[in-house]
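Trainee: Could we go through this structure together, one part at a time? I should like to learn how to read it.

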Amino acid sequence: MHELGICRSLIDVALGALAERETTQRATSLQVEIGRFTAVVPDSLRFYFEVLSRGTLLEGAELNIESVPLRTRCRSCALEAEPELPSLLCPQCEGVVEIVTGRELRLVSVDVPEEAA
Amino acid sequence: MIEEDVRNLLSANDRVAAANRKTFARWGAYVVNLMSAPGAGKTTILERTVEALHGKYRLAVIEGDVRGSYDRDRLRAVAEIPVVQINTEIAYGGECHLDAPMVAGGIGDVDLPGTDLLFIENVGNLVCPAEFDVGEDTKVMVASVTEGEDKPLKYPLMYSVCEVLLLNKIDIAAAVGFDRDQFLRNCRSVNPRLTIIEISARTGEGMATWLDWLQLKIAA
């Protein structure tokens, strides 16, 4: 249920991005990346987004969530892999891995309609 | 179309965590973020740890709970040390974890220069606290043998972000049919670098190893 806090942050960051662009138009959609190796449930984030965006420029905007796969690189044999959770060991040599992707919690873009010329 | 902008959703938290870290460094404190499922024994471990190290080091504790000050009262009964209670129910919508702003709010005007060791006892939960940096030096988790040996596989994020695991209640491992070897294998598969210290906070078994580990960190 910490999606509530993450969603507050998402809304703050998105409204900040709109304010920077000095737009008063409502956003049409948001692109968000959520890594597979995070503790965030996309449906829960969507639910909070719908509630918390009410009355803001984000109300009614579509929340597009892209799930980023867990990708690791082995410190021993350098193999890049997408290991099957829960194991985080290198599938080739069982070595210790570094996480390359899968920990993302990012707002990629906020879209507003084209400004009328 | 607005120009593309990449922003980390935890950046607001991480900025406050960095500020907390500065505050703790100014105090001179080594900070442990202590996490576990409810009932694993965090508070009992803290009671025994405070009992053992109080007097030798200056200790302080930040207690995170959804509600109540039971843990603060328990620690105050052990020793006269500063204990700050944060209730997430009051200002934070009953959040299931501590984040950096909550810790910043909790310490508020409290100034504890000269603190050697600060424990932040997180809300009992194996999911959410794993995601939030609160400004700690290290993350330590407690697992108890009653939880079963499969938990590293069910909560891999928590097991993977911690430096130390205290395996608690080993005095009753046999009675609950705990498969120690399988548990250690499961831990290794999600975090091969995890330091595992087997203890019983109740009988005191293994506690010396944990206390030694802490004292090495304080001295470092």
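Mentor: Certainly. Please keep in mind that this is a predicted model. Let us begin with helix H5 of chain B, where Ala100(B), Met102(B), Val103(B), Gly106(B) and Ile107(B) are buried.

Trainee: Where do the buried residues of H5(B) fall when one looks down the axis of the helix?

Mentor: They fall within an arc of 160 degrees, so they line one face of H5(B).

Trainee: And what do they pack against?

Mentor: The buried residues of H5(B) pack against H1, S3, strand S4 (83-87), helix H4 (88-91) and S5 of chain B.

Trainee: You mentioned H1. Which residues of H1(B) are buried?

Mentor: In H1(B), the buried residues are Asn13(B), Ala17(B), Asn20(B), Phe24(B) and Trp27(B). Viewed down the helix axis, they fall within an arc of 70 degrees, so these residues line one face of H1(B). Their packing partners are strand S2 (30-36), helix H5 (100-107) and strand S5 (117-121) of chain B.

Trainee: What does the face turned away from that buried side carry?

Mentor: That face of H1(B) carries exposed residues, namely Arg15(B), Lys22(B), Ala25(B) and Arg26(B).

Trainee: How does the span of H1(B) agree with what one should expect?

Mentor: H1(B) has 17 residues (residues 11-27), and at 1.5 Å a residue they should span 24 Å. The C-alpha atoms at the ends of H1(B) are 24 Å apart, which agrees. Just after the helix, Gly28(B) takes a positive phi of about 90 degrees.

Trainee: Let me change topic. Why would one roll a probe over the atoms?

Mentor: A probe the size of a water molecule, rolled over the atoms, shows where empty space is left. In this model, the count comes to 1 cavity of 30 Å³ or more. About 40 Å³ of space lies in the largest cavity.

Trainee: Which residues line the largest cavity?

Mentor: Trp27(B) is one of them, and the lining also includes Ile107(B). You have already met both among the buried residues, Trp27(B) in H1(B) and Ile107(B) in H5(B). Strand S3 (residues 59-65) of chain B gives the most to this lining, with 3 residues. By class, the lining of the largest cavity has 10 nonpolar residues, no polar and no charged.

Trainee: What is the volume of the largest pocket?

Mentor: The largest pocket has a volume of about 340 Å³. It is lined by 19 residues, and the closest to its centre are Gly5(A), Arg8(A), Ser9(A), Asp99(B) and Pro101(B).

Trainee: Which helix supplies the largest share of that lining?

Mentor: H1(A) does, with 6 residues. Helix H1 (3-20) of chain A and both H1 and H5 of chain B each supply at least two residues. The lining of the largest pocket divides by class into 11 nonpolar, 4 polar and 4 charged residues.

Trainee: One last residue, please: Phe132(B). Is Phe132(B) buried or exposed?

Mentor: Phe132(B) has a relative accessible area of 4%; the cut-off for buried is under 20%, so Phe132(B) is buried. This residue lies in the loop between S5 and strand S6 (138-144) of chain B.

Trainee: What does Phe132(B) touch, not counting residues up to four places away in sequence?

Mentor: Its contacts include His2(A) and Ile6(A) in chain A, and Leu10(B), Asn13(B) and Asp99(B) in chain B. Asn13(B) is one of the buried residues of H1(B), and Asp99(B) is among the residues closest to the centre of the largest pocket.

How values were computed:
Residues are numbered from 1 along each chain as its sequence is written. Chains are lettered from A and ligands numbered from 1 in the order in which they are written. This is a predicted model: local features need pLDDT of at least 70, side-chain atom pairs count only at pLDDT 80 or more; totals for chains, interfaces and linings use all residues. Side-chain values use heavy atoms; hydrogens and water are left out. Helices (H or I, at least four residues) and strands (E, at least two) are DSSP runs, numbered from the N terminus. The expected span of a helix is 1.5 Å times one less than its number of residues. Buried means under 20% relative accessible area, exposed over 50%, partly exposed in between (1.4 Å probe, protein chains only). The arc is that of the directions from the helix axis to the C-beta atoms. Contact means heavy atoms within 4.5 Å. On a 1 Å grid over the protein atoms alone, a cavity is a set of points where a 1.4 Å probe fits but cannot get out, and a pocket is an open set with protein on both sides within 12 Å along at least five of seven lines; lining residues have an atom within 4 Å of a point. Grid points are joined across faces, edges and corners, and a volume is the space filled by probe spheres set on the points. Ala, Val, Leu, Ile, Met, Phe, Trp, Tyr, Cys and Pro count as nonpolar, Asp, Glu, Lys and Arg as charged, and the others, Gly among them, as polar.
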